[in-house]
Amino acid sequence: MAVYMNEAKKANQMLRQVLYDYGSTEDFQSACAFRTQQKACRELCTLLEQTVLNGERHSLLLVGPRGSGKSWVVEDTFRKLSLNPKCKGNFIKVYLNGSQASKSVIFILDSFDLFTHHKNQMLLCNLFDFTRSANTPIAIIGLTRRLDVSEMLEKRLRSRYSHRQILLLCDYSFEEYMDISRSLLSLPDSFTDKAYLKEWRRHLEELLKNPKVVAVLKKQHAISPNLHILKSLLMLPVCKLGISGPFLDPVHFLFAYSMVNQDSMSVMLRGVSILELCLVVAMKNLVKHTGTETLNFEMVYDEYRRFTNQVSSHAVEFFSKPVAMKAFEHLISLEFVYPEDGGSSYTQREYQPVVLLLMEGQIEQAVLSYPNCPTDVVQWATNKN
């Protein structure tokens, strides 16, 4: 096996590139074209071809949670447009930095919902007006994780927006999750050493049938099927290639799982006050039960108050709203909670929309390891109902 160590180092570099940015070569791009995103890519590509080739004007929103592949769908679509000889050279991708009237112009608005917080939504208004009146074929593509983003538009803008949406979700089955893992860890046909490539593929199939590796991937899938987290988990075993051996080692998957799920956020969370911990648990439960990621302090405080009313006052102390607000603001400063509008909204701070940046598994792990955590809080945090 020692003869393969140089090849393993090459594989190390290739796979790390894939895990960092879904790959930069056509081989890797096709290997990582996950089924969930393929339909979105085809739909978006068709729409943009209509703009570039037929001079049609369109607007569309890509909606999905973090890690659902919104940015990847856009980048892969532009890659395909650039490979199409009819489209190549006939369009400009613009990140609000100008355009040329001689070509089709495609505007990409990442975090589209944040543009709705601009005063009078003037930027969006001008863009949509430009789409309708300009002689240049224009398409506007917005990316957001807010499912209610259409309702955030002012009435005058809703009539100008086409209301066309593509919804992306991180709802991979475990079988799809395993297929994605296989794609991310596969070497391309163009790999130079064919003998090593043959051995790599054999070892990879054995690895993905290994009970330890399957158990790790099952646990990670149950916590979150988010692909950003999957790539982080796969990164450590890949980084060991060419150092500890020429092929992936199941033991490194076990270590990677513990590292991914024992991150700095979980460690920091164990250092917050019991009130702050309760507010985090309240947010977790609200996200789980309401199905929305967007919360505000009033919602969180009401959930916290309902919990304290149900338990003994000796077990969990109840804090007033001003004290809880300070604790809530401290969670924002620690970046456990993020203001949807970046903190620039004129909304009262009690109703300022925020997003919880912690996953359910992280919170439960932190609560279970929190020093002298009240039993009622532990039960509240780990209750699966």
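Colleague: Before we start on this predicted model, what does "buried" mean here?

Modeller: Buried means a relative accessible area under 20%. Anything over 50% is exposed, and partly exposed lies in between.

Colleague: OK, so what makes both faces of strand 1 count as covered?

Modeller: Look at the residues on each side. His58, Leu60 and Leu62 sit on one side, Ser59, Leu61 and Val63 on the other, and all of them are buried.

Colleague: Why do the residues split into two sets like that?

Modeller: That's how a regular strand works: side chains alternate between the two faces of the sheet.

Colleague: And why is strand 1 called largely enclosed?

Modeller: Strand 1 covers residues 58-63, and six of the six are buried, so the rest of the structure largely encloses this strand.

Colleague: How do you know that strand 1 pairs with strand 4?

Modeller: Pairing takes at least two bridges between the strands. Strand 1 and strand 4 (residues 138-144) have six, and they run parallel, so they pass the cut-off of at least two. You can spot His58 opposite Ala139 in strand 4.

Colleague: What about strand 1 and strand 5?

Modeller: Those two pair as well, in the parallel sense, over three bridges. Strand 5 takes in residues 165-167, and Ile166 there stands opposite Leu62.

Colleague: In what order do the strands line up in the sheet?

Modeller: The order is 2-3-4-1-5, giving an open sheet of five strands with parallel pairing.

Colleague: Why are strand 2 and strand 5 said to stand at the edges?

Modeller: Each has a single partner strand, so one side of each has no neighbour in the sheet. From one strand to the next, the twist averages 15°.

Colleague: Which strand is joined to strand 2?

Modeller: Strand 3 (residues 104-109), through four bridges, and the two run parallel. Lys93, for instance, has Ile106 in strand 3 as its bridge partner.

Colleague: Now helix 13 (residues 250-261), where His252 lies. Why does His252 count as buried?

Modeller: Its relative accessibility is 14%, and the cut-off for buried is under 20%, so His252 qualifies. Leaving out residues up to four places away in sequence, His252 touches Leu236, Pro237, Lys240 and Ser244.

Colleague: And why is Ser320 called partly exposed?

Modeller: Ser320 has a relative accessible area of 36%. Buried would need under 20% and exposed over 50%, so a value in between is partly exposed. You'll find Ser320 in the loop between helix 16 (297-310) and helix 17 (321-333).

Notes: Residues are numbered from 1 along each chain as its sequence is written. This is a predicted model: local features need pLDDT of at least 70, side-chain atom pairs count only at pLDDT 80 or more; totals for chains, interfaces and linings use all residues. Side-chain values use heavy atoms; hydrogens and water are left out. Buried means under 20% relative accessible area, exposed over 50%, partly exposed in between (1.4 Å probe, protein chains only). Axes are lines fitted to C-alpha atoms, for helices over the stretch in contact, and angles run from 0 to 180 degrees between N-to-C directions. Contact means heavy atoms within 4.5 Å.
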